[in-house]
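Colleague: I have a new model on my screen and would like to understand its strands, its cores and its surface. Can we go through it in short steps?

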Amino acid sequence: MLKKFFVTIASMMALGSFAGTLEPLVYPPIQDSVSLEPVKHPKRQFIKKAAHVGAPQELISQPGFYFENFEYGEGGELLDLPDGWKSVANPSDNNDVWRIGTLANAESMIAGTSGSKYAFILGTGAPHDSWAISPLIDMEEGEEYEISFFHMFVSGERRIEKLEIVILPTQDITAKPITRFNVQDNDRTGKWYQFIQSFVAKSDGQFCVGLHSTGGGETNTGTLLDDLKVTHGHSPALSASTYIDMGEKLDLDVAIESAYNFYNYGTAPLEISFEPLCQEITVSPASLTVESGEYGSVNFKFDSHEAGDFTGDVKVKTNDLAAEEFIVRAFAKVEPARITDYVLEDCENGGPEGWILDMGVVNTGDYGGYNSSDRAIYTWSLYCMLYPEYLIGFKTHYVRMGENPVFSCQYRLFDSNSFTGDSYYTAAEKPKIILYGTTDFGPHGMNFM
């Protein structure tokens with residue numbers, strides 16, 4: 001019976017363990033005093049924070065909870081505030097109002113913390129005195145509530161942007177507030193920052209959030225605000241992607257795996273679960289809890305032997321009321337494998353076709369091939385030291401082998417000095433060469449030597 005194998009040659013050098021680290025979420029910075037202008041966002045947007053995207057909330061159906069990510073409307077036109085909101089312009093300048101859209105500086109589009117849009121107010125030359133007022137939210141006397149949002153300031157040379165947060169009993173800005181908070185641009189770093197504050201309702205009733213823009217106002221400066229949320233007490237807040245790129249594999253290969261990472265930037269534990277909606281995707285673990293201010297990660301595994309482009313969905317459920325249920329879309333590509341009855345490769349024509357060369361492995365002519373030929377496969381052992389948990393080498397394409405396959409090659413082991421160019425034969429005890437075969441490009445197979 002004939003079996004299809006590929007052959008791997010790998011050099012291995014043990015140098016201790018390696019542990020990867022998950023980098024913190026960084027929001028895009030912009031420069032101070034740059035020109036801000038509305039732009040049309042690209043057709044395809046990948047949002048960082050999963051949230052309901054669609055028509056704005058006009059009625060608040062859940063007491064003590066409200067979420068608005070300002071992500072609605074088509075194209076890049078400037079939009080008025082969502083239905084249910086109230087806008088109050090600067091008494092001295094009717095153009096000084098809050099809008100919704102996407103801005104850009106001289107270098108690039110400014111991405112929101114979820115999606116491409118957010119609320120903003122741009123300077124028109126005079127100090128701001130403009131309001132954006134949310135719909136009314138049911139609250140109970142004596143209960144604690146939490147308000148949070150992301151904001152970015154772009155201040156001018158003479159005046160800094162300021163924002164006052166006011167909790168009002170009506171949408172009338174002259175009403176007596178139950179509490180107020182002040183946010184000011186002191187460091188001018190041009191990044192997204194998170195604001196979180198708690199307050200207590202002083203009576204039963206409906207209350208709203210007033211965003212009062214003051215100060216600032218210079219041309220080409222402004223205040224940006226995204227993901228406004230009001231919750232009954234502390235709450236989790238999910239930051240995650242709605243897509244995952246699983247990469248590529250051959251149709252004969254084993255499954256490929258990718259980490260799906262997310263973050264809880266809220267003030268309560270995040271409970272999250274995953275339900276694949278296709279048989280090609282599995283997720284492990286299927287559910288977990290992530291504490292406040294912590295990162296979480298699960299493993300997406302894609303297993304398919306059908307060549308072509310793949311798209312599959314995974315349903316995600318959380319206890320974050322702003323992202324109770326959403327879909328993560330997985331992308332992958334499966335290519336037909338190259339299969340031959342034998343291998344006869346002199347490496348003279350580059351490639352070789354269908355082979356996989358690990359990092360630090362090249363087809364080069366710098367050191368010459370066997371018997372004065374031009375090229376050879378060259379493995380740089382520095383990568384063995386940098387990544388000791390990996391086998392560094394190459395994998396051939398698939399080969400139909402009989403019961404007693406024969407492997408032969410010419411090889412040379414040597415050390416080289418990158419500074420002097422000197423090279424000399426390697427001591428026999430230093431490197432290890434492993435030849436093994438497997439039926440599916442996996443990491444385990446039959447050792448041939």
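**Strands, cores and a surface patch**

Modeller: Yes, and keep in mind that this model is predicted. Strand β19 (residues 270-276) runs antiparallel to strand β23 (residues 308-318), and 5 bridges join them.

Colleague: Which residue in β23 is the bridge partner of Ile272?

Modeller: Begin with the strand pair. β19 spans residues 270-276, and β23 is joined to β19 by 5 bridges. In β23, the residue bridged to Ile272 is Thr318.

Colleague: How many residues lie between β23 and β24 in their hairpin?

Modeller: β23 also pairs with strand β24 (residues 325-335), antiparallel, over 10 bridges. Within this pair, Phe310 faces Ala332 of β24. The two strands form a hairpin, and the number of residues between them is 6.

Colleague: Is strand β10 mostly covered or mostly open, and how many of its residues are buried?

Modeller: Look at the pairing of β10 (residues 144-154). Antiparallel to β10 runs strand β13 (residues 193-200), with 8 bridges; here Phe150 has Gln194 as its partner. Strand β15 (residues 222-232) is antiparallel to β10 too, with 9 bridges, and Val154 stands opposite Gly222 there. β10 is mostly covered, and its buried residues number 10 of 11.

Colleague: Which strand gives the most to the largest nonpolar core?

Modeller: That core has 32 residues, and Trp98, Ile147 and Phe149 are among those with the most contacts inside it. Several strands each supply at least two residues, including β11 (161-168), β14 (205-215) and β15. The top contributor, with 4 residues, is β10.

Colleague: What residues does Ile165 contact, leaving aside neighbours within four places in sequence?

Modeller: Ile165 is itself listed among the core residues with the most contacts. Its contacts beyond those neighbours are Ile147, Phe149, Thr179, Arg180, Phe181, Val183, Phe195, Val209, Gly210 and Leu211.

Colleague: How many residues are in the other core?

Modeller: This core lies apart from the one holding Ile165. Among its members are Leu238, Tyr260, Phe274 and Cys278. Its residue count is 26.

Colleague: Why can Ile433 count towards a surface patch, and what is the accessible area of that patch?

Modeller: Ile433 sits in strand β33 (residues 433-438). A patch residue needs over 30% relative accessible area. Ile433 is partly exposed at 31%, so it passes that cut-off. Together with Tyr411 and Leu413, Ile433 forms a nonpolar patch whose accessible area is about 290 Å².

Note on methods:
Residues numbered from 1 in each chain as written. Predicted model: local features only at pLDDT ≥ 70, side-chain atom pairs only at ≥ 80, totals over all residues. Heavy atoms only, no water. Patch = residues over 30% accessible without salt bridge, like charges linked within 9 Å, V, L, I, M, F, W, Y side chains within 5 Å. Areas by Shrake-Rupley, 256 points an atom, 1.4 Å probe, with all protein chains shown as cover. Salt bridge = Lys/Arg side-chain N within 4 Å of Asp/Glu carboxyl O. Buried < 20%, exposed > 50% of the residue type's maximum accessible area, 1.4 Å probe, protein only. Pairing = 2+ DSSP bridges. Core = buried A, V, L, I, M, F, W, Y, C linked by side-chain atoms within 4.5 Å. Contact = heavy atoms within 4.5 Å.
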